[in-house]
Amino acid sequence: MEKTHYKQEINITPELMARINELISHYPADKRKSALLPVLHEAQDAHENWLSIELQDKVAEILHIKPVEVYEVVTFYTMYNRRPIGKYMFEFCQTSSCCLRGTEDLMDYTCEKLGVKIGEPTSDGLFEVRGVECLGACGYAPMMQLGDFYKEHLTRDKIDQIIDDCRDNKIILHDK
């Protein structure tokens, strides 16, 4: 597999640092590392939804931990992105309930419709399709996460509508 190092401008604004410090304050002073997951979310949200090695190093510096401790977390969880991704990341649940209800066919359909493979952003940077582990909504299968929200009981028609709504800027990705 080819290793690519993506460059990213790091911009820890005073507002972002204040938010990070507020998150850190929820934990004992000697347990700053406990804030790692929420701090990574804040850093990622403030940096076009991805975390370069340099940004991960900055998070380690802020939390007074070793960079490898950040890398371990970022490489483990699919919610952290290590490269630029499509603005609209379609994260299809690929566990039993969703697979039994046709998620794999819907992923293939979505990729075909967008002209990409799984894990590959569209040339305009607008879309990307990814398979993820259980999203905990088995009763709504097949389903996917789009930003902070679930799209449930998916069909080809629903996929078509979601894609159209994304192109028309009608989709809200975050509830902040």
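Start with helix 6 and helix 7, whose crossing is right-handed. This is a predicted model. Select residues 103-114 for helix 6 and residues 156-167 for helix 7; the two pack with their axes 10 Å apart, at an angle of about 40°. That angle makes helix 6 oblique to helix 7.

**Helix 1 and helix 2**

Move next to helix 1 and to helix 2, which covers residues 36-45. Their axes cross at roughly 165° and come within 9 Å. Helix 1 and helix 2 are therefore roughly antiparallel to each other. What is the hand of the crossing where helix 1 passes helix 2? The crossing is right-handed.

**Salt bridges**

Now turn on side chains. Side chains of opposite charge can pair when their charged atoms come close. How many salt bridges does a search of the whole structure find? The search finds eight.

Select Lys7 and Glu54 and display the distance between side-chain N and O: the value is 3.9 Å, and the two residues form a salt bridge. Lys7 sits in the segment before helix 1 (14-24), while Glu54 belongs to helix 3 (residues 53-63), so this pair ties together parts of the chain that are 47 residues apart in sequence. With a surface display on, check both ends. Lys7 counts as exposed, with 66% relative accessibility. Glu54 counts as partly exposed, at 28% relative accessibility.

Go on to Glu128 and Arg83. Their side chains also meet in a salt bridge, with an N to O distance of 2.4 Å. This pair links distant parts of the chain, 45 residues apart: Glu128 is in strand 2 (residues 127-132), and Arg83 is in the loop between helix 4 and strand 1 (88-93). Is Glu128 buried or exposed? Glu128 has a relative accessible area of 0% and is buried. Arg83, at 21% relative accessibility, counts as partly exposed.

Next select Glu91 and Arg130, which form a salt bridge at 3.4 Å from N to O. Glu91 lies in strand 1 and Arg130 in strand 2, so to speak of this pair is again to link distant parts of the chain, here 39 residues apart. Both Glu91 and Arg130 are buried.

Finish this part with Arg19, Glu22 and Glu42, which are joined into one network by salt bridges that share partners.

**A patch on the surface**

Switch to a surface view and select Leu37, Phe76, Tyr77 and Met79. These residues form a nonpolar patch on the surface, and together they have about 370 Å² of accessible area. Pick out Phe76 within the patch: Phe76 is found in helix 4, which covers residues 67-76. Phe76 counts as exposed, with 63% relative accessibility.

**Backbone points to check**

Return to a backbone view. Most residues other than glycine have a negative phi, and most peptide bonds are trans.

Select Ala141 and Pro142. The peptide bond that joins Ala141 and Pro142 is cis, with omega at about -10°. Pro142 is in the loop between strand 2 and strand 3 (144-146).

Then select Glu48, a residue other than glycine with a positive phi, near 55°. Where is Glu48? Glu48 lies in the loop between helix 2 and helix 3. With 69% relative accessibility, Glu48 counts as exposed.

The next selection is Asn169. Phi of Asn169 is near 60°, again a positive value in a residue other than glycine. Asn169 is in the segment after helix 7. Asn169 is exposed, and its relative accessible area is 59%.

**Last stop: Leu51**

Go back to the loop between helix 2 and helix 3 and select Leu51, which is found there. Leu51 counts as buried, at 0% relative accessibility, whereas Glu48 counts as exposed; Glu48 also lies in the loop between helix 2 and helix 3.

To end the tour, add Lys31 to the selection and display the distance between the C-alpha atoms of Leu51 and Lys31. How far are these atoms separated? The separation is 23 Å, for two residues that are 20 residues apart along the chain.

Notes
Residues numbered from 1 in each chain as written. Predicted model: local features only at pLDDT ≥ 70, side-chain atom pairs only at ≥ 80, totals over all residues. Heavy atoms only, no water. Patch = residues over 30% accessible without salt bridge, like charges linked within 9 Å, V, L, I, M, F, W, Y side chains within 5 Å. Areas by Shrake-Rupley, 256 points an atom, 1.4 Å probe, with all protein chains shown as cover. Salt bridge = Lys/Arg side-chain N within 4 Å of Asp/Glu carboxyl O. Helix = DSSP H or I, 4+ residues; strand = E, 2+ residues; numbered from the N terminus. Buried < 20%, exposed > 50% of the residue type's maximum accessible area, 1.4 Å probe, protein only. Axes fitted to C-alpha atoms, helices over the stretch in contact; angles between N-to-C directions. Parallel < 35°, antiparallel > 145°, perpendicular 65-115°, else oblique. Left-handed = near helix turned anticlockwise from the far one by under 90°.
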